[in-house]
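Student: I should be grateful for a close look at a single part of this structure. Please proceed step by step and connect the part to its surroundings.

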Amino acid sequence: MATMLALQPTLRPNVADHQKTLMQEGYCVVPDLLPASDIAALDEDLGARFAATPFCEGGFYGYRTKRFGSLLKRSRHAAALIQHSVILDIAQRTLSPWCDTIQLNLAQALELHPGAVPQFPHRDQDMWRGPIGELEYLINVMWPITDYRRDNGTTLIWPRSHGRNAALAEPAEDPVAVECTPGSAIVFLGSTLHGAGGNLTNAPRRGMIVSYCLGWLKPYENQWLVYPPEVARGFDPALAALVGYQQHKPNLGNYEGRCPSILLRGQPEDHLAAVDSLRPDQTAALTEYLAGQNARVPGRRHSG
């Protein structure tokens, strides 16, 4: 299966500037990506689920916060946010130096209720316990469903707390309460210190958090359980690839040695031949190695 995006996407206006700000500041705001009416339609789809979902348990998720995932099954409008071309361009440019393909890490709706206290400041990359400051593991995109304001608990971000600065004991600057309206997006790195603010108003604050991570990491949301083949068969191929129905070279995430997209074409044959899926540098090294082996033994066909 072809990868979801070329590793060097064609830039549209302002994408390069937003990505530059993201890498310099640890976050950026991308305005007016979708009409507010599209976000309202998403909100309408999710309303009953918000009402039925209990409050979280635990101080990190928040005792006055509701959260739920599986959003591609809950609203047909969720895909427009998850697959937004500007956001995917930024994600691809940010993460492609360290991976062959990116993947959906999380798509979660959240509702911060009155009385919610500020969330514990954290960096989402810490879930993987990898080296700090050497690479970026993911980017997050907060899509407001209601207005995000200082008084209702908008996302607090510590500027320039990302990258190598993530190793510092304390951030050098105070947090910024990033205000944003439906249709725009707050984008921040997995190495950026952040957390929800406290809701001092009388109304809930709703949003949708989407994150993308390196294709060789275990994602936060188990996409193959959330979207099993019988569900993913209804997705367009690019969306199916994004939620995990693609291999990450070399041969990572395969099904019987094949790209797992084979599962989206019905029940595969019981016996399958494994097929190489290698990076270009590995293919070149393998070709040179096999040529040398065959030169030593005329007529020999290498198998391993």
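Student: In which loop does Tyr-220 lie?

Tutor: Please keep in mind throughout that this is a predicted model. Tyr-220 is found in the loop that runs between strand E9 (205-214) and helix H6 (223-226). With a relative accessibility of 35%, Tyr-220 counts as partly exposed, because that class lies between buried, under 20%, and exposed, over 50%. Tyr-220 also belongs to a nonpolar patch on the surface, together with Phe-60, Tyr-61, Phe-120 and Met-127. The accessible area of these residues together is about 500 Å².

Let us now turn to the strand before the loop. E9 is part of an open sheet of 6 strands, whose order is E1-E7-E4-E9-E3-E2. The pairing in this sheet is antiparallel. In general, the strands of a sheet pair through backbone hydrogen bonds, in either a parallel or an antiparallel manner. The edges are formed by strand E1 (27-30) and strand E2 (65-68), each of which pairs on one side only. From one strand to the next, the twist averages 20°.

At one of these edges, E2 pairs with strand E3 (residues 102-112) in the antiparallel sense over 4 bridges. Thr-65 stands opposite Leu-112 in E3.

Helices pack on the sheet as well. Helix H1 (residues 15-25) touches E1 and strand E7 (185-189), and its direction makes about 150° with that of E1. Helix H5 (residues 85-95) also packs on the sheet, and E9 is among the strands that it touches, along with E1, E3, strand E4 (138-144) and E7. The direction of H5 makes about 160° with that of E4.

Key: Residues numbered from 1 in each chain as written. Predicted model: local features only at pLDDT ≥ 70, side-chain atom pairs only at ≥ 80, totals over all residues. Heavy atoms only, no water. Patch = residues over 30% accessible without salt bridge, like charges linked within 9 Å, V, L, I, M, F, W, Y side chains within 5 Å. Areas by Shrake-Rupley, 256 points an atom, 1.4 Å probe, with all protein chains shown as cover. Salt bridge = Lys/Arg side-chain N within 4 Å of Asp/Glu carboxyl O. Helix = DSSP H or I, 4+ residues; strand = E, 2+ residues; numbered from the N terminus. Buried < 20%, exposed > 50% of the residue type's maximum accessible area, 1.4 Å probe, protein only. Pairing = 2+ DSSP bridges. Axes fitted to C-alpha atoms, helices over the stretch in contact; angles between N-to-C directions. Contact = heavy atoms within 4.5 Å.
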